[in-house]
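Hi everyone, thanks for coming. Let me put the structure up, and then I'll walk you through a few spots in it.

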Amino acid sequence: MEKKNYKAARRLDYTAPEFTATTTEMVFELADDATVVKTNTRYKRLTTNSKAPLRLVGEDLELVSVTIDGFSCKYKEEAGKLIVENVPDEFELQIENIISPIRNSELMGLYKSNGVFCTQCEPEGFRRITYALDRPDVLTKYKVTIFAPEYGCSVMLSNGNLIEQGKKNGRHYTVWEDPFPKPSYLFALVAGTFDILEDTYTTRSGRKVNLQLYVDRGYYDRGKWAMESIKEAMRWDEDRFSLEYDLDNFKVVAVDFFNQGAMENKSLNIFNSIYVLVDKESATDSAFFNVQSVIGHEYFHNYTGDRVTLRDWFQLSLKESLTVFRDQEFSSDVASRTLTRLKAVEVIRGPQFAEDASPMSHPVRPEEVMEMNNFYTVTIYDKGAEVIRMIHTLIGETNFKAGLSLYLNRFDGQAVTIEDFLCCMEEASGYDLKQFRNWYTQDGTPRVSASWKYDSSKKQMLLHLEQHTPATLKQKEKKPFYIPVRTSFLTREGYPEHPAELPTNGVLVLNEEQQDYLFTVLEGSLPVLFRDFSAPVKLSAPYTEQDFKIMLEHCDDPFIKADSSVQLASIYVKHNLEAASRSEDLPVPVALIDAYSYLLDNISADTDLLLLNESLKLPSLSSMMEFSDTISLDALIRIRAHLESSVAVELADRYRKVYETVKAETPAYSVGNMGQRAMNLNALYMLALAYKESSKAEEASKLVIDHYHNFQSMTDKLSAMQTAVHLDLPCKDQILREFEEKWSNDALVMDNFFRVQATCPNEETVFTVRNLLKHPRYDSNNPNRIRALPGAMALSNPVALHRKDGAGYALLCDVVTYLNDKNAHVAARILTPLINYKRFDEVRQEQIVKYLNKLMGMRNLSRSIYEKVEAALKQE
Ligand code: TRP
Ligand code: ZN
C-alpha cells in the first residue's frame, strides 16, 4: 500500500500572516484550455525586522513569469508553493500563469461547464487560479479585467462595480472594481451567455440597487421566484436586523455544475441552478421553499461572512452558523415558522446526531482539519445554528440584535474569530457565556434525563434533570454543557399552568451534571421539556403513552406536538425491537393509531396543515437509526413497514376523507397550497398503501395514476410517481415512462426521476440504480446527477445501501473510485454513511471494512477521501 503523507492542520497552530496584499489587479484572457491569468499584487510586510521570503500557494498552475516591480527576481516553485526571496517591505509582484478551465473537473478554481466559465474559490480554490496568499485573513481590493471572444461570452462579470468595457483585438472586455477589501475565497468571475432578469430595489435609506439574475438561455420564467426572493431577503434584513445592502448592484448567477448549494461571493453570488430555477410545472413546493431560503442565506452572508469574515478556516461556523440561523429566521418570518423549525430539527436528530456519533465527529469549532472541504458539515452549519439559537434563547431578541450590531460594527472589514463574536454577545447582553463555550469545544451529543415526583403535602413538583455526554474518539472527558431547557406545564386535563417558580421566558438552565427544580403545580401535572427543541440533546424522560397523547392534543408548541407522535413511534420501536429481530409477529401500534385518528378527526378550517402533516409522518428509517447507539437495521426495517401498514389499514377511511376534502386551490406555490398539497398527498400515499395491503393493488394503482394525470403541479406529479414506485404499484412503469418522455430534456426535473427510483426502500434498488447509471440523461461528472442517483441511494436509502450481501457498498465504492481523481469532494460526501460501520451488525461491518480497505489501497487516493476512510479504519 502506498504511504500517504497528508497532514492535518491544527487550530492552535495558527500564526498571523507575514505579508498582506493591499491591492490586486488581475487580467483574464479566457480560453477553454489555456486561460492566461496576469496578476499584479501589492504586498506589504507585516512583521517588522523580518527578512522572511514571500510564500504563496498554488495548485495545478502553469507558471509563465514572475517579476517584482517589473524586474526579474529570484523565486522558486516547489510542492504547491512559490517562494520569492529577498523581497523589500513593500512591493508589487507580477505573476503570469496559465490554467485550463475545461479540464478542471474538481469544480474548484476557474472551470468551464455547460458553456459557462465560473469560479468557486471557497475554501481554497483561489490557489487554482494563481499563486496567492490564499487564506481568509488576507483581505485585498480587487480590480479585474476579463477578455473573451464575444461569441459565447456576451456576459463577463466579477465582484463589485463595472467601471469600463470595450473591444480590443477582436475580443471584448469588462473591467470590475470591488471597493470592499475581501479575502480570496470571495473572489468570483463568470463569463457566458445567459437570459437576464433585471429589477431594482430601493433600500430604506434610498440607495437604488440594480438586481440582475443570470440563468441559462430559455429559462427566464424560471428565474422569477428567485428574483422575488432577493427583494424579500433585502427587505427582511432591513426590518429584522437593520442591515442594508451596501453596493449599487447585486448579481446572482445560476450554473449547472456546482459542488454545493450556492456561494456568497461579494455582490456576485453563484448558485447551483437547483436553488434558482423553479416554476409550478417543473418544481415542487419544497423547491420553491428552498430557493427562497438559499437566496436568503447567500444574501445574508453579505454581512455575516463578507463584511466581517473569518480569521482562519477553523472559524468556519462563525459565518455559517450565524447565516443559517438568519436564513431560518427569514424562512420562519416569510414562509412558515413551524415547517422551518421542524425541518431543522430533523436535520439535527438525523444526520447531525449520526455525525456526532461517528469517527468524523468534530466540535462546532474543529481542532484538526486535513481537508477543509470535508468540514462543510451538518455540525458546522446546523448544530452551529442551534448553538446560535441557544444564545438567542438565553439572552433574548433585543440583546441578540444589540450583540450582532456590536459585532458587525466593531469588526467591519476584519477577519475574526468565534471568540470575538461571543465577546460581543456577552458585552451587549451582560450574560456570562463562559461555560456556554463548551458547545464550541466539545463534540458529541449530550444526553439529558429527566424525572419528577410530586409532594402532595407541599403541592410541589420536584423536577430532576441530569446530563451526561458519552466519550467520543477524540475526547474522553466531557464537561457539563450549559443547556437551556424551555419548559411549560400541562395539567392532567391538558390545561396550561404557570407556576410562579418558572422564569418568565420559560427557560430553565441545566449547567451541572444534575440539578433539581421546584414548581408549585397541581397534582398529576406534566412538565413539558425542551419546547421548540431548545437544545440539541437527546432527552429521556418517563413520559407514558398517555402523557404524549396529552401533549399531542393540548400543547401549544408545534415542535412538542409533532414530536409527541415521534415519541409514540419510538416507544413502540423500543418495546418491539427484540420481537422484530426474532421475526415474531408484531402487535398493533394502538397508541400511535389513537393519536393519528385524533389528529385526522380534528381537522378544521384553521388547522395548520403543515404542522398536521408533519405530526402524521412516521419517523424516517434514518431517524429511527438514531433512536439507539447500535443499529438493528433488519428489525427497524420490519417495524417501520409494520407501523406504516397498520396505520394505513386501520385509518383508511379517515385518509380517504382527507384525500377527498383537503386540496390545494391552484398548482401555484404558496404556503397555504403547500400545506394542503402535503396533506392531500400524504393521504394519497396512505390510502394507496391501505388498498395494497388489502390485496387491492389495482385500485391503488388506479387512484394513483388518476392523480398523476389530473393534477398539474410538479409536487402532485412527483408525489404520485413516488407513491407508485415506492409501493411498487402496477402503474409505476407507465408513470415513469410518461414522466421521462415529458421531461427528458430537462436535467433538473430528471433529477427527480432518478431520485424517486434511487430512494425506493427495497433491496432491488441497488440494481435499478446500476442500470440508471447508464441512462442517457445521467452524467457521471455532474454533482447534481451524482447526488440524485448514487448519492440519494447512499444518503437516503439505508435499505438498499446496507444490503447484507454488500452490493450497495460495492456500488457506492465504484462511484467513489471513479470520482477519486475527478471530483473527490463530492465523492467524500456520499461516502459518509460508511464511516460509522461499528454501529451495524457483524455481517455488515465486515462487508463495509472490506470496501473501506479497498479504497484505502488505491493509488493516488485523494486527501478528502483518505481523511474519512482513515478516520473510519483507525477506530478500535
Ligand atoms: N459558503 C457556501 C455557503 O454556505 C458554501 C460553499 C459553496 C462551498 N460552494 C462551496 C463550500 C464549495 C466548499 C466548496 O453558502
Ligand atoms: Zn453559507
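Let's start at ligand 1, where one of its nitrogen atoms sits 2.7 Å from an N or O atom in the side chain of Glu 264, a polar contact, meaning a pair of N or O atoms within 3.5 Å. The protein covers 97% of the 370 Å² of accessible area that ligand 1 has on its own, by the Shrake-Rupley method with a 1.4 Å probe. Before I go on: this is a predicted model, with local features needing pLDDT of at least 70, side-chain atom pairs counting only at pLDDT 80 or more, and totals for chains, interfaces and linings using all residues. Residues are numbered from 1 along each chain as its sequence is written, chains are lettered from A and ligands numbered from 1 in the order written, and side-chain values use heavy atoms, leaving out hydrogens and water.

Back to ligand 1: a polar side-chain atom of Glu 122 lies 2.5 Å from a nitrogen atom of the ligand, while a backbone N or O atom of Ala 262 is 3.1 Å from a ligand oxygen.

Now the zinc ion, ligand 2. Which residues are its protein donors? They are His 297 (NE2), His 301 (NE2) and Glu 320, listed twice through OE, at 1.9 to 2.8 Å; donors here are N, O and S atoms within 2.8 Å of the metal (3.2 Å for Na, K and Ca), and with water not among the atoms, sites may look incomplete. Along the chain, the donor spacing reads H-x3-H-x18-E. Both His 301 and Glu 320 are buried, that is, under 20% relative accessible area (1.4 Å probe, protein chains only).

Terms used. Buried means under 20% relative accessible area, exposed over 50%, partly exposed in between (1.4 Å probe, protein chains only). A polar contact is a pair of N or O atoms within 3.5 Å; within protein, one must be able to donate a hydrogen and the other to accept it, and residues adjacent in sequence count only if both atoms are side-chain atoms.
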